[in-house]
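Here are my notes on the model you sent round. I hope they are handy to keep beside you at the bench while you turn the structure on screen.

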Amino acid sequence: MRCPPRLRPATADDASSLAALSVEVWLSTYIRRGINAHFADYALAEFTAARFAARLADPKETFTVSCNAEGIDGFLRLTDGSRAPVEGCSDTEIATLYVQPRHQGRGIGAALLSAALDQCRAAGAPAPWLAVNAENDAALRFYTAHGFHVAGETRFSFGGQSYPNLILSRRLGA
C-alpha cells in the first residue's frame with residue numbers, strides 16, 4: 001500500500017526548491033530534441049528563487065507543495081483574479097501543477113489537484129481553469145481524467161515565438 005503524498009502550504013523558504021523543480025519539469029516536458037538558447041534563456045529567467053519569493057508573498061497566489069522524506073516533489077499554484085481568455089470560467093487559474101518526472105504516476109498530481117479544487121469550492125470559484133500546451137498529451141489525459149474539458153484555445157508566447165495552448169475548465173459541484 002502506497003502512502004499518500006504529504007501536502008502543505010508553501011512557505012518563503014521553499015522559493016529555491018520551487019524554482020529548481022520548475023526548471024526540471026519544464027525542460028523535461030518541453031525540450032525534446034536538445035536545449036537551445038531560446039528555451040534555456042526563458043527557463044533560467046522565469047524560474048528563479050526571486051520570482052518564486054515574490055509569488056509566494058502575493059496574496060492572490062496560493063501554493064501547495066507535496067513533500068517526501070527528502071524534500072518537495074511537486075507543487076500546485078492557484079492564482080486568484082486571473083481572468084480566463086475564454087468565457088464561462090471563474091477568475092481562479094490553476095497556474096502551475098508540476099511533479100518531478102521520477103515521482104509521476106504515484107498520485108501526487110491527483111492529490112495536489114484535489115486539494116486545489118477543494119480550495120476553489122471553498123472560495124466560491126465554480127469553474128477554475130488552466131492552460132496546457134496543446135502537444136502535452138500526458139497533461140491533457142491527466143486533466144480530462146479528472147473532469148476537465150476543453151473550453152477554448154490561446155497562445156503561449158515568449159522570445160518572439162508562440163505556441164498553441166488549450167484552455168481547460170472544470171465545473172465544480174457543491
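The points below go from the whole chain to single residues.

1. **What kind of model this is.** Please keep in mind that this is a predicted model. The values in these notes are all computed from it.

2. **Fold order.** The chain has five helices and seven strands. Reading from the N terminus, the order is β-α-α-α-β-β-β-α-β-α-β-β. So that you can find your way around, here are some of the elements that come up again: strand β1 covers residues 6-9, strand β2 covers residues 61-67, and strand β3 covers residues 72-80.

3. **Overall size.** How does the radius of gyration of the chain agree with that of a compact globule? For 174 residues, a compact globule would come out near 16 Å, and the chain has 16 Å, so the two agree. The C-alpha trace spans about 45 × 40 × 35 Å along its principal axes.

4. **Inside and outside.** Of the 174 residues, 44% are buried. The exposed area of the chain is about 9,400 Å², and carbon and sulfur atoms supply 52% of this. Taking contacts between residues at least 6 apart in sequence, 62% join residues that are at least 24 apart.

5. **Charges.** The chain carries 17 positive and 17 negative side chains. The centres of these two sets lie 4 Å apart.

6. **Aromatic pairs.** A pair of aromatic rings is described by the distance of the centres and the angle of the planes. There are eleven aromatic pairs in this model. In one of them, F52 and F75 have ring centres 6.0 Å apart and planes at 90°, so this pair is edge-to-face. The pair links distant parts of the chain, with F52 in helix α3 (residues 49-57) and F75 in strand β3, 23 residues apart. Are F52 and F75 buried or exposed? F52 has 3% relative accessibility and therefore counts as buried, and F75, at 0%, also counts as buried.

7. **A second pair and a cluster.** The rings of Y143 and F148 have centres 5.6 Å apart and planes at 70°, so they too are edge-to-face. Both of these residues are buried. Elsewhere on your aromatic tour, W26, F39, Y42, F47 and Y163 form one cluster.

8. **R8 in strand β1.** R8 sits in strand β1. Its relative accessible area is 25%, so R8 counts as partly exposed. Which residues does R8 contact, leaving aside neighbours within four places in sequence? They are D14, F63, T64, V65, C67 and I72. For C67, the C-alpha atom lies 7.9 Å from that of R8, although the two residues are 59 apart along the chain.

9. **E61 in strand β2.** E61 belongs to strand β2. With 13% relative accessibility, E61 counts as buried, because the cut-off for buried is under 20%. Not counting residues up to four places away in sequence, E61 touches R55, R77, L78 and T79. The C-alpha atoms of E61 and V25 are separated by 20 Å, with their positions 36 residues apart along the chain.

10. **S82 after strand β3.** S82 is in the loop between β3 and β4 (92-99). Is S82 buried or exposed? At 14% relative accessibility, S82 counts as buried. Beyond its neighbours within four places in sequence, S82 is in contact with S90, D91, T92, E93 and W129.

11. **Two more loop residues.** T48 lies in the loop between α2 (37-46) and α3. At 23% relative accessibility, T48 counts as partly exposed. Its C-alpha atom is separated by 17 Å from that of Q100, 52 residues apart along the chain. R106 is in the loop between β4 and α4 (108-123). R106 has 43% relative accessibility and so counts as partly exposed. How far apart are the C-alpha atoms of R106 and Y163? They are separated by 29 Å, and the residues are 57 apart along the chain. You have already met Y163 as a member of the aromatic cluster.

How values were computed. Residues are numbered from 1 along each chain as its sequence is written. This is a predicted model: local features need pLDDT of at least 70, side-chain atom pairs count only at pLDDT 80 or more; totals for chains, interfaces and linings use all residues. Side-chain values use heavy atoms; hydrogens and water are left out. Helices (H or I, at least four residues) and strands (E, at least two) are DSSP runs, numbered from the N terminus. The radius of gyration is taken over C-alpha atoms; the globule rule is 2.2 Å times the number of residues to the power 0.38. Buried means under 20% relative accessible area, exposed over 50%, partly exposed in between (1.4 Å probe, protein chains only). Contact means heavy atoms within 4.5 Å. Accessible areas come from the Shrake-Rupley method with a 1.4 Å probe; for residues, only the protein chains shown count as cover. Lys and Arg count as positive and Asp and Glu as negative; His and the chain ends are not counted. The place of a charge is taken as NZ of Lys, CZ of Arg, CG of Asp or CD of Glu. Rings of Phe, Tyr and Trp (its six-membered ring) pair if their centres lie within 6.5 Å; planes under 30 degrees apart count as stacked, over 60 as edge-to-face and the rest as tilted.
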